[in-house]
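Welcome, and please load the model in your viewer. We will take it one selection at a time, starting with the whole chain and then moving to single spots.

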Amino acid sequence: MAFLLRRLAFYLAAFLAAATINFFLPRLMPGDPIEMMFASAGSELSLENLNALKLTFGFVDAPLGQQYLTYLQSVFTGDLGRSIKYFPLPVTDLLGRALIWTVGLVGIATLVSFALGTFMGVMAAWRRGTKFDSIVSLSAIFSSSVPAVVVSLLVLFVFGYQLGWFPNGYAADPMLDPSFSWPYISGVIYHGTLPMLTLVIVLTGGFAVTMRNNMINLLGEDYIVMGRAKGLSDSRVMLWYAARNALLPTVSSFAIALGTVLGGSLVTEVVFNYPGLGNTLYQAILARDYPVIQGQLLIMTGAMLVANFGVDLSYVLLDPRLKKA
């Protein structure tokens, strides 16, 4: 319990620090979102109407400290305001809609990449020096080194434009109403194939390289040699002796990847025009939509802190000695 309380206090302080940065960062960006919104539409407002509109969105001329306290109150009450770009839609509703698409795409892609990359890393390390190890290592290093934007554009060009096997954008068929019917669900899977493939290619290599290196560092340990000397099967030594201990650093990478799930994959979502949190954040930045930017950054921060707290707990379960660390 003492360990849990210490970690919770640390993460609460980290969340407050992140919320403070989240408050000041958008306000350092140049441009007034209200004036930009009406300037893009070619509209003109009187000074009185413009001030009234700013008051509606919460852009008041109160002292910065008072604005900060009001902001913290809204954070802990769950009132994130209304979107400027999509007025009068509440920020929570806007992000809630995008959250479903992001979790379905990036969440599944992360789980698949972790499972596939970890398995490939374990097998490559156990068969180090073989042709299989060379192929896996080179492929993993290459895929993890190529920027996501390059992979996205290549996948879109080859499978979307050249071969025409998959649609070039959107998350579902716009001609169908959202429902739990098979035509709509199959359309979602069909439209999400290319973004999913892109993310799996980008993420799998990092997990494979990390797991392979961790495994190789442990294969010369005494308990591995002892397990083999006792006559245990290769699969038992590989999985329960080597892979379990090598999994600790990989769990950290997995938690960080899960923490970034709620941030969406900005590049992939923008390239494929996928309506997730990453694309929503990109559109909000262009429109200087402060409430949406702040709400999205808070979600990303909270998700990352929860993921790291989960790592702390998993580390203790895998190695109870860490409770005293």
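What percentage of the 325 residues of the protein count as buried? The figure is 38%. Keep in mind as you look around that this is a predicted model.

**Stop 1: the whole chain**

Colour by secondary structure. You should find 13 helices and 0 strands, so the pattern along the sequence is simply α repeated, from α1 through to α13. Now switch on the surface. The protein exposes about 18,000 Å², and carbon and sulfur atoms supply 68% of that area. Contacts often reach far along the chain: among those between residues at least 6 apart in sequence, 75% join residues at least 24 apart.

**Stop 2: the annotated spans**

Next, select residues 9-29, 98-126, 138-164, 184-209, 246-267 and 297-318. An unreviewed UniProt entry gives these the feature "transmembrane region". Two of them are worth a closer look. Residues 98-126 are 100% helix, and their end C-alpha atoms lie 41 Å apart. Residues 184-209 are also 100% helix, with 38 Å between the end C-alpha atoms.

**Stop 3: Met196**

Stay with the second of those spans and pick Met196, which sits in helix α8 (residues 182-218). Which residues does Met196 touch, not counting those up to four places away in sequence? Show Gly104, Leu105, Ile108 and Ala109 to see them. Then draw a C-alpha to C-alpha distance from Met196 to Thr110: it comes to 9.3 Å, although the two are 86 residues apart in sequence. Met196 has a relative accessible area of 21%, so it counts as partly exposed, since buried means under 20%.

**Stop 4: the largest nonpolar core**

Now select Tyr11, Phe15, Ala19, Phe23, Tyr68, Tyr71, Leu72, Val75, Leu298, Leu305 and Phe309. These 11 residues make up the largest nonpolar core. Helices α1 (2-27), α4 (64-77) and α13 (290-318) each supply at least two of its residues. For a single view into this core, centre on Leu305: leaving aside its neighbours within four places in sequence, Leu305 is in contact with Tyr11, Ala14 and Phe15. Another core, of 10 residues, lies apart from this one, and Leu89, Leu95, Leu281 and Ile293 are among its members.

**Stop 5: Thr280**

Move on to Thr280, found in helix α12. Is Thr280 buried or exposed? Thr280 counts as buried, because its relative accessibility is 13% and the cut-off for buried is under 20%. Beyond residues up to four places away in sequence, Thr280 touches Leu94, Leu95, Ala98 and Val292.

**Stop 6: a nonpolar patch on the surface**

Finish on the outside. Select Val149, Val150, Leu153, Leu154, Leu266, Val267, Val270, Tyr282 and Leu286, which form a nonpolar patch with about 670 Å² of accessible area together. The elements giving two or more residues to the patch are α7 (148-162), α11 (266-271) and α12 (277-286). Which of these gives the largest share? That is α7, with 4 residues. For a last close-up, click on Leu266, in helix α11. Leu266 is partly exposed, with a relative accessible area of 33%, and it can belong to the patch because patch residues need over 30%.

Conventions
Residues are numbered from 1 along each chain as its sequence is written. This is a predicted model: local features need pLDDT of at least 70, side-chain atom pairs count only at pLDDT 80 or more; totals for chains, interfaces and linings use all residues. Side-chain values use heavy atoms; hydrogens and water are left out. Patches are made of residues with over 30% relative accessible area and no salt bridge: like charges are joined within 9 Å, nonpolar side chains (Val, Leu, Ile, Met, Phe, Trp, Tyr) within 5 Å. Accessible areas come from the Shrake-Rupley method with a 1.4 Å probe; for residues, only the protein chains shown count as cover. A salt bridge is a side-chain nitrogen of Lys or Arg within 4 Å of a carboxyl oxygen of Asp or Glu. Buried means under 20% relative accessible area, exposed over 50%, partly exposed in between (1.4 Å probe, protein chains only). UniProt positions are given in the numbering used here, feature names are shortened, and annotations may be inferred rather than shown by experiment. Contact means heavy atoms within 4.5 Å. A nonpolar core is a set of buried Ala, Val, Leu, Ile, Met, Phe, Trp, Tyr and Cys residues joined through side-chain atoms within 4.5 Å.
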